[in-house]
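Visitor: Please take me through this model by its labels. For each one I would like the value and the cut-off behind it.

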Amino acid sequence: MKKKRRKKINRRRRKQILTAVKLLAAGTAAAVLLLKPAVLCNVEEPAVISRVPRSEAAEEEETPGPQIDPEQPMIALTFDDGPKASVTNRILKSLEEAGGRATFFMVGSNVAANEDSVNQMVAQGCQVGNHTFGHKYITNLNIQELETQLGGTNQAVLDACGILPMVMRPPGGKTDEASLNELAEMGMPAIMWSIDTKDWQHRDAQITIQTVLEQVKDGDIILMHDIYSATADAAEVLIPALVERGFQLVTVGELASFRGGMVPGQKYYRFYP
């Protein structure tokens, strides 16, 4: 059993190292993010992602915004399908004014045209995430197609802001054993949600606001989409309202780091205390 597990982990490390070599050849410091686990992780145990990955250049800088008090309630606002500057920038402005952060699960094909928004996410300490390149259900893809969808998005985000996404949200929340195994080999957990605003369906800001405020509790991961103006309308109300209620608005990575961490290839819906 140990031999089989070691072989699987070694295969994962080979894939990460090959990717890192390509990044090093391209002259990017992001390769260090893939090489670090080889030093930090025992080969008999899965890698645990316990903090938000940042570029080597930013490694010594403090995360922008207020520091997190682990004794106080915290939640993770997440936004899928963007970026879309006209919507994403409004959400970012509200977060900045409230001293909050969020996680943005981006569709790779949207990144290049919205580079300024992606860089603003990073400047504010938000977390960049992967939502496939073409919003594809990963359960419908073979391994090569899945690697192309995830790798293409990782590269697009890396090119835009110098940060390699280390978390992934499956479109539609659809996963199966094969896709989760591939995520494990690529070093990414699958981030789900505990509150679904269904903003994509009703596109009504008031319903989104009501859904969140009626259900929210410490440790929730809240799903919204930063491609609808109604979602920006809702965020402009929700963000200050949640802070007023005493919630710290943190990234998924930050939330996980105070609640046990994350393991690549596993699904996470919430991080309750």
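**Labels and their cut-offs**

Guide: Asn114 lies in the loop between S2 and H4; helices and strands here are DSSP runs, H or I over at least four residues for a helix and E over at least two for a strand, numbered from the N terminus. The model is predicted, and local features need pLDDT of at least 70, side-chain atom pairs count only at pLDDT 80 or more, and totals for chains, interfaces and linings use all residues. Residues are numbered from 1 along each chain as its sequence is written, and side-chain values use heavy atoms, with hydrogens and water left out.

Visitor: Why is Asn114 called buried?

Guide: Asn114 has 14% relative accessibility. Buried means under 20% relative accessible area, exposed means over 50%, and partly exposed lies in between (1.4 Å probe, protein chains only). Asn114 is therefore buried. Neighbours within four places in sequence aside, Asn114 is in contact with Pro83, Lys84 and Ala85, where contact means heavy atoms within 4.5 Å.

Visitor: Why is Pro240 called partly exposed?

Guide: The value for Pro240 is 41% relative accessibility, so Pro240 counts as partly exposed. Pro240 lies in helix H9. Its C-alpha is 9.2 Å from that of Gly100, with the two positions 140 residues apart in sequence.

Visitor: Thr231 is in H9 too. What makes Thr231 buried?

Guide: Thr231 comes out at 1% relative accessibility, so the label is buried. Not counting residues up to four places away in sequence, Thr231 touches Phe79, Asp199, Met224 and His225.

Visitor: Why is Gly82 called buried?

Guide: Gly82 has a relative accessible area of 0%, and is therefore buried. Gly82 sits in the loop between strand S1 (74–80) and helix H3 (85–98). Outside four places in sequence, the contacts of Gly82 are Phe105, Met106, Val107, Asn110, Asp226 and Ile227. One of these partners, Asp226, is 144 residues away along the chain, with its C-alpha 5.4 Å from that of Gly82.

Visitor: How do you know that S1 and S2 pair?

Guide: Two strands pair if DSSP finds at least two bridges between them. S1 and S2 have three bridges, in the parallel sense. Asp80 stands opposite Phe105 in S2.

Visitor: And what makes S2 and S3 a pair?

Guide: Strand S2 (residues 103–106) and S3 share four bridges and also run in the parallel sense. Phe104 has Val128 as its bridge partner in S3, and Thr103 has Gln127.

Visitor: What is the handedness of the crossover from S2 to S3?

Guide: From S2 the chain passes through helix H4 (residues 115–123) to S3, and this β-α-β crossover is right-handed. The term applies if, with the strands pointing away from the viewer, the path from the first strand over the helix to the second runs clockwise. S1, H3 and S2 also make a right-handed β-α-β unit.

Visitor: Which way do the residues of S2 and S3 point?

Guide: In a regular strand the side chains alternate between the two faces of the sheet. From S2, Thr103 and Phe105 point one way and Phe104 and Met106 the other way, and all are buried. From S3 (residues 127–130), Gln127 and Gly129 point one way and Val128 and Asn130 the other way, and all are buried as well.

Visitor: Which residues of helix H8 are buried?

Guide: In H8 (residues 205–215), the buried residues are Ala205, Thr208, Ile209, Thr211 and Val212. They cover an arc of only 165° around the axis, so they lie on the same side of H8; the arc is that of the directions from the helix axis to the C-beta atoms. The buried residues of H8 pack against strand S5 (195–196), helix H7 (199–202), strand S6 (221–225) and helix H9 (229–244).

Visitor: What caps the N-terminal end of H8?

Guide: Asp204 does, with a side-chain oxygen 2.9 Å from the backbone nitrogen of Gln206. A polar contact is a pair of N or O atoms within 3.5 Å; within protein, one must be able to donate a hydrogen and the other to accept it, and residues adjacent in sequence count only if both atoms are side-chain atoms.

Visitor: How many disulfides are there?

Guide: The count is zero; a disulfide is a pair of cysteine sulfur atoms within 2.5 Å. Cys126 is buried at 7% relative accessibility, and Cys161 is buried at 14%.
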